[in-house]
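Got the model open in your viewer? Keep the selection tool handy, and we'll go from the whole chain down to single side chains.

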Amino acid sequence: MLGLFSSSIMSPPDELVAAGSRTPSPKTTSTTLLNRFVQTNPSAVSLQLGDHVQLAYTHETESALCPRSFAVKDDIFCLFEGVLDNLGSLRQQYGLAKSANEVILMIEAYKALRDRAPYPPSHVVGHLSGSFAFIVFDKSTSTLFVASDRNGKVPLYWGITADGYVAFSDNADLLKGACGKSLASFPQGCFLSTAVGELRCYQNPKNKITAVPANEEEIWGATFKGPAALAATR
């Protein structure tokens, strides 16, 4: 899966900007990155949401244990990869039908977060149990909500393209050529909400997630650390 967001939606993380400046390396634009994704995945589906957001996904190369899914409802778009072990209880919590899958659940969970303010985002992701990574974009409010599971069982990466878009993907190789050293593993057990404004962890959402420069020989430009998680370099 791939999500691309301009600076109008999300400001590029300072740590990734600094990593790219510290060790300059070739980058490509968000359009080139999207085209590469589509060209290497013939069955890929891509969406352009206004001038500032591009989403794409494919079922090619997906694991049977971590399927990818996409849905849109009420101008809320969601890319979800993985499975929720407690999907049944969450359906009951949000009043959903037994046919509702993970991606529909996440849209409804986000709507609850948005409409029941000040319902904290950490409560939404803290109730999720399983292996997952997701990208939610609310077109009506231009809000982005991204998270990875507590143990990093579904990999998620983020970086900055040549034209300043923040890119999220489950494919590190896809981002390497586009983001140069402005690239990192998204920290496990953490979430990012542009409504909140910072990267936070589930366990201690009030604590700031910090980043340290990666070694020169690593593909990453930075490693993000949190009280509940380390972004492991793989």
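Two residues are in contact when they have heavy atoms within 4.5 Å of each other. Counting contacts between residues at least 6 apart in sequence, 60% join residues at least 24 apart. A word on what you're looking at: this is a predicted model, where local features need pLDDT of at least 70, side-chain atom pairs count only at pLDDT 80 or more, and totals for chains, interfaces and linings use all residues. Residues are numbered from 1 along each chain as its sequence is written, and side-chain values use heavy atoms, with hydrogens and water left out.

**Whole chain**

Start with a cartoon view. You should find 6 helices and 15 strands; these are DSSP runs numbered from the N terminus, with helices being H or I of at least four residues and strands being E of at least two. Now switch on the surface: the accessible area is about 10,100 Å², and 50% of that belongs to carbon and sulfur atoms (Shrake-Rupley method, 1.4 Å probe; for residues, only the protein chains shown count as cover). Of the 234 residues, 53% count as buried, meaning under 20% relative accessible area, while exposed is over 50% and partly exposed is in between (1.4 Å probe, protein chains only).

**Stop 1: the sheet from S4 to S12**

Select S4, S5, S6, S7, S11 and S12. These 6 strands make an open sheet in the order S4-S5-S6-S7-S11-S12, with antiparallel pairing; two strands pair if DSSP finds at least two bridges between them. At the edges sit S4 (68-73) and S12 (199-201), each pairing on one side only. Neighbouring strands here are turned by 15° against each other on average, direction ignored (axes are lines fitted to C-alpha atoms, for helices over the stretch in contact, and angles run from 0 to 180 degrees between N-to-C directions).

Next, add helix H4, residues 102-115. H4 packs on this sheet and touches S4, S5 (76-84), S6 (130-138) and S7 (143-148), its direction making about 125° with that of S5.

**Stop 2: strand S6**

Show side chains on S6. How many of its residues are buried? The count is 9 of 9. In a regular strand, side chains alternate between the two faces of the sheet. In S6, Gly130, Phe132, Phe134, Val136 and Asp138 are on one side, Ser131, Ala133, Ile135 and Phe137 are on the other, and all are buried.

Look to either side of this strand. S5 and S6 run antiparallel and are joined by 9 bridges; find Leu79 standing opposite Ile135. S6 and S7, also antiparallel, are joined by 6 bridges, and here Asp138 faces Thr143. Follow the chain from S6 into S7 and you'll trace a hairpin with 4 residues in between, where Ser142 in the turn has a positive phi of about 55°.

While you're on this sheet, zoom to its S12 edge. S11 (residues 190-193) is joined to S12 by 3 antiparallel bridges, and Leu192 has Leu199 as its bridge partner.

**Stop 3: two glutamates**

Pick Glu81, in strand S5. Glu81 counts as buried because its relative accessibility is 8%. Leave out residues up to four places away in sequence, and Glu81 touches a list that includes Met1, Arg68, Phe132 and Asp170. Measure from its C-alpha to that of Glu102: the two are 21 residues apart in sequence and 8.7 Å apart in space.

Then go to Glu108, in helix H4. Buried or exposed? Glu108 is buried, because its relative accessibility is 14%. Beyond its neighbours within four places in sequence, Glu108 is in contact with Lys73, Tyr94 and Leu96. Draw the distance to Lys73: the two side chains make a polar contact at 2.7 Å (a pair of N or O atoms within 3.5 Å; within protein, one must be able to donate a hydrogen and the other to accept it, and residues adjacent in sequence count only if both atoms are side-chain atoms).

**Stop 4: the sheet from S2 to S10**

Finally, select S2, S3, S1, S9, S8 and S10. That order gives an open sheet of 6 strands with antiparallel pairing; S2 (45-49) and S10 (183-185) are the edge strands. Within the sheet, S8 (157-160) and S9 (166-169) pair over 4 bridges, and Ile160 stands opposite Val166.

Two helices finish the tour. H2 (30-40) lies across S1 (2-5), S2, S3 (53-57) and S9, at about 165° to S1. H6 (172-179) lies across S1, S8, S9 and S10, at about 15° to S8.
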